Amino acid sequence: MSVKIKGLTNLKNVIIKSLAGGSVVPPVDPGTDWYSVDTYTGTSMSTEWRSSCWSPLLNKFLIIGYSNIDNIIPLCAVSSDGFNWDIAQMPPSDSTFWYDVCWSPTQNQFLAVGSKSYAVSTNGLDWTAFPITIDNVVTNTASMQAVTYSEDLAKYFAVGYDDTNGKNILSSLNGNTWHWEGGAKYVDFRSVMWDSNKGLMVAGGDNFAGGIVPGDGTVAIFTSVDGTFWEAKSSAGFAVNECSAVFTNLVAVGNTDTQTTPMNVLVSTDGMIWD
């Protein structure tokens with residue numbers, strides 16, 4: 001069995017490092033001691049878990065990903081303790097699998113995004129998928145790759161890539177109807193998060209201005225206090241794959257070449273200055 005974790009963060013406010021060839025890793029002491037837990041036993045299935053979140057209402061972790069032995073099969077798994085997991089198959093998205101997932105305490109549901117579609121679930125195992133409609137029109141340009149929910153703004157925010165219109169930031173009050181919130185052309189957003197302590201949203205990705213192919217290694221970190229007006233904040237030579245709030249800091253992680261280079265980290269105390 002081979003299980004890889006990508007962008008698995010904020011399990012009960014603990015940031016979890018990306019692992020190659022590992023499996024689900026629940027914390028024992030916050031961020032210090034880790035144990036590898038097989039989500040599959042007795043199988044040769046190769047699985048990549050891409051995203052996670054926590055539901056206080058259900059008292060459960062949720063992870064989403066896919067298996068890729070013969071055909072790509074989108075998967076999800078839920079656990080109340082991080083050690084024992086119930087696994088189910090998700091419906092396919094238009095991109096075959098789902099990129100990111102969040103929990104809304106207002107809507108009392110999980111929401112996953114997968115390029116031009118989204119899926120919702122109230123228990124983490126049973127899902128219904130829909131095409132993303134922007135102002136009641138099905139999108140054919142934007143590709144959504146990350147999602148978060150802000151209790152302060154009472155909205156979902158999804159980010160991704162749109163080299164046609166540069167409209168790659170969306171919002172939704174209920175997870176059903178989506179609206180443009182703007183964005184940046186040639187920015188491939190891969191992560192978005194809301195820090196309620198700072199009243200700030202952070203989106204990170206890869207900025208390949210001028211239409212240069214993705215992966216040129218120019219970081220893109222944008223911040224917003226309301227999800228509508230965004231400011232570019234940092235350019236440090238690598239693509240941001242994940243943003244997270246860790247204690248009193250904001251942390252962005254990524255790399256210049258996902259296959260060969262080590263992870264890079266940027267830290268900010270206020271979201272304005274990143275080092």
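## Strand β7 and its neighbours

Let's start with one pair: V101 has A112 in β7 as its bridge partner. Keep in mind that this is a predicted model.

V101's side of the story is strand β6, which covers residues 100-104 and pairs with β7 in the antiparallel sense. On the way from β6 to β7 there is a hairpin with four residues between the strands, and there N108 takes a positive phi near 55 degrees.

A112 also stands opposite A119 in β8. Strand β8 spans residues 117-121 and pairs with β7, again in the antiparallel sense. The hairpin of β7 and β8 has two residues between the strands, and S115 takes a positive phi near 65 degrees in it.

Here are the pairings with their bridge counts, including one from elsewhere in the chain.

| Strands | Sense | Bridges |
|---|---|---|
| β6 and β7 | antiparallel | five bridges |
| β7 and β8 | antiparallel | five bridges |
| β14 and β15 | antiparallel | two bridges |

So how many residues of β7 are buried? Six of the six, across residues 109-114, so the strand is largely enclosed by the rest of the structure. Side chains in a regular strand alternate between the two faces of the sheet. In β7, Q109, L111 and V113 point one way, while F110, A112 and G114 point the other way, and all are buried.

Now for the table's last row. Strands β12-β13-β14-β15, in that order, form an open sheet with antiparallel pairing. Its edge strands are β12 (143-150) and β15 (179-180), each pairing on one side only. Strand β14 takes in residues 169-172, and S171 stands opposite H179 in β15.

Technical notes. Residues are numbered from 1 along each chain as its sequence is written. This is a predicted model: local features need pLDDT of at least 70, side-chain atom pairs count only at pLDDT 80 or more; totals for chains, interfaces and linings use all residues. Side-chain values use heavy atoms; hydrogens and water are left out. Buried means under 20% relative accessible area, exposed over 50%, partly exposed in between (1.4 Å probe, protein chains only). Two strands pair if DSSP finds at least two bridges between them.
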